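Student: I would like a close look at one part of this model. Please set it in the context of the whole chain before going into detail.

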Amino acid sequence: MEISGLISAIVIGIVIGVLGRLVVPGRQRIGILWTILIGIVAALVGSVIAHAAGVDDTKGVDWIEWLIQIGLAAVGVAGLDRAKSR
């Protein structure tokens, strides 16, 4: 992976993580670093899922891929919040 790909993955991960955190209702007890890491993982895994489903390269904005990534980030944020609250 090139450095530009790594930087774009981090930036997209930040956006996906924040959007995933906004989807989860209530207050989350995890830090911004965890949110970013969850977002990066959700962006990468969501891209793989979207590619497998054949919706990763559409004309215009890839809304389905974004929804998959945001959904995965929301699940990750909620799961980590629940694990840390115990």
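Student: Among contacts in the protein chain between residues at least 6 apart in sequence, what percentage join residues at least 24 apart? Then take me through helix H3, residues 63-85.

Tutor: Keep in mind that this is a predicted model. The percentage you ask for is 64%. That counts contacts in the protein chain between residues at least 6 apart in sequence, and asks how many join residues at least 24 apart.

Next, the chain as a whole. The protein chain has 3 helices and 0 strands. Along the sequence the pattern reads α-α-α. The radius of gyration is 13 Å, and the globule rule gives 12 Å for 86 residues, so the chain is as compact as a globular protein of that length. Along the principal axes, the C-alpha atoms fill a box of roughly 40 × 25 × 20 Å. Of the 86 residues, 29% count as buried. The accessible surface is about 5700 Å², and carbon and sulfur atoms account for 71% of that area. On charge, there are 7 positive and 6 negative side chains. The centres of these two sets lie 21 Å apart.

Now to helix H3 itself. Helix H3 covers residues 63-85, which makes 23 residues. At 1.5 Å a residue, the helix should span 33 Å. Its end C-alpha atoms are 33 Å apart, so the expected span and the model agree.

Which residues of H3 are buried? They are Glu-65, Gln-69, Ile-70, Ala-73, Ala-74, Val-77 and Asp-81. Two of these deserve a closer look: Ala-74 and Asp-81.

Start with Asp-81, which lies in helix H3. Why does Asp-81 count as buried? Its relative accessibility is 13%, and the cut-off for buried is under 20%. What does Asp-81 touch, once its neighbours within four places in sequence are left aside? Asp-81 is in contact with Arg-27, Gln-28, Arg-29 and Ile-30.

Ala-74 gives a second link, this time to helix H1. Val-18 is found in helix H1, residues 3-23. In sequence, Val-18 and Ala-74 are 56 residues apart. In space, their C-alpha atoms are 9.1 Å apart. Ala-74 is on the buried list of H3, whereas Val-18 is partly exposed, with a relative accessible area of 35%.

To recap H3: Asp-81 is in contact with residues including Arg-27 and Arg-29, and Ala-74 lies 9.1 Å from Val-18, C-alpha to C-alpha.

Technical notes
Residues are numbered from 1 along each chain as its sequence is written. This is a predicted model: local features need pLDDT of at least 70, side-chain atom pairs count only at pLDDT 80 or more; totals for chains, interfaces and linings use all residues. Side-chain values use heavy atoms; hydrogens and water are left out. Helices (H or I, at least four residues) and strands (E, at least two) are DSSP runs, numbered from the N terminus. The expected span of a helix is 1.5 Å times one less than its number of residues. Buried means under 20% relative accessible area, exposed over 50%, partly exposed in between (1.4 Å probe, protein chains only). The radius of gyration is taken over C-alpha atoms; the globule rule is 2.2 Å times the number of residues to the power 0.38. Contact means heavy atoms within 4.5 Å. Accessible areas come from the Shrake-Rupley method with a 1.4 Å probe; for residues, only the protein chains shown count as cover. Lys and Arg count as positive and Asp and Glu as negative; His and the chain ends are not counted. The place of a charge is taken as NZ of Lys, CZ of Arg, CG of Asp or CD of Glu.
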